[in-house]
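Ready for some practice in reading a protein fold? Have the picture at hand and try each task before you look at its solution.

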Amino acid sequence: MLNQFSRTELLFGENAVKYLKQCRVAVFGIGGVGGYAVEALARTGIGTLDIIDNDKINLTNLNRQIYALHSTIGQYKTDIAEARIHDICPDIQVNKYQCFYLPETADTFDFSNYDYIIDAIDTITGKIEIIMRANQANIPVISCMGAGNKLDPTAFKIADIYQTKTCPLARTMRHELKKRNIKKLKVVYSEEQPVKMTNNLEKSDIRRSIPASNAFVPSVAGLILASEVIKDLIKLVS
């Protein structure tokens, strides 16, 4: 009998689809990158999704984030994401957390409950904490490096953190993880040189620390993250 995952089953097989329904994946950060990762995971049939983000949707999210619409401005991203996930597949269990993931909030989460973890947050301290906790719990994690100030979605690569180049965020992460004796980390990163911003906006409208972005680069990074999670999980039943 046909169902919404029939075409997925043609690629992965019946056992893999059944296994994915039993899996629990946490996505930390559901903005321009993480939102598309959640979308792909939901449409592939992951059984339980934990979504972690404290932001509300604002006007500047409309150019790149899947949950950002004029009708959703001012609402929490986790609320919109939960509704969309259930509209895609009502059977998916959604655990939502309206918080920033930092060392101060890390104890809220038991990483041993997860089958896989996606790090799609921006703060270095939070990223390091996610990776350290995943490593301690022996749970696979994939981390997204910088997707801002980029124009070329074909420049993304999948590699170990210690094999990355060009990306400034990856350089910082290599340094910090080496100090903490983390031997490996799968990452998605871009080899494109950061694009210089035009800076046409008034200083009162935007902080210098906010990167430029677009509709096609963060979304591709998010889809790559999700594809790696799915491929790694179904290897366990192949």
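Below are three exercises, each with a worked solution.

This is a predicted model, in which local features need pLDDT of at least 70, side-chain atom pairs count only at pLDDT 80 or more, and totals for chains, interfaces and linings use all residues. Residues are numbered from 1 along each chain as its sequence is written, and side-chain values use heavy atoms, with hydrogens and water left out.

**Exercise 1: the sheet**

Find the order of the strands in the open sheet, and explain why S3 and S6 stand at the edges.

*Solution.* Start with the terms: helices (H or I, at least four residues) and strands (E, at least two) are DSSP runs, numbered from the N terminus. Two strands pair if DSSP finds at least two bridges between them.

Step 1. The seven strands run in the order S3-S2-S1-S4-S5-S7-S6, and their pairing is mixed.

Step 2. Strand S3 (93-97) and strand S6 (156-160) each have a single partner strand, so one side of each is left without a neighbour in the sheet.

Step 3. Now look at one pair: S5 (residues 141-144) and S7 (residues 186-190) are joined in the parallel sense by three bridges. In S7, Lys 186 is the bridge partner of Ile 142.

**Exercise 2: two helix contacts**

Work out how helix H3 lies against H4 and against H7: roughly parallel or oblique?

*Solution.* Axes are lines fitted to C-alpha atoms, for helices over the stretch in contact, and angles run from 0 to 180 degrees between N-to-C directions. Angles under 35 degrees count as roughly parallel, over 145 as roughly antiparallel, 65 to 115 as roughly perpendicular and the rest as oblique.

Step 1. The axes of H3 (residues 34-44) and H4 (residues 77-88) cross at roughly 25° and come within 9 Å. H3 and H4 are therefore roughly parallel.

Step 2. With H7 (residues 217-234), H3 makes an angle of about 40°, and the axes are 7 Å apart. H3 is therefore oblique to H7.

**Exercise 3: a ring pair**

Classify the ring pair of Phe 28 and Phe 109, and say where each ring lies.

*Solution.* Rings of Phe, Tyr and Trp (its six-membered ring) pair if their centres lie within 6.5 Å; planes under 30 degrees apart count as stacked, over 60 as edge-to-face and the rest as tilted.

Step 1. By this rule there are seven aromatic pairs.

Step 2. For Phe 28 and Phe 109 the centres are 5.4 Å apart and the planes are at 70°, so the pair is edge-to-face.

Step 3. Phe 28 lies in strand S1 and Phe 109 in the loop between S3 and S4, so the pair ties together parts that are 81 residues apart in sequence.
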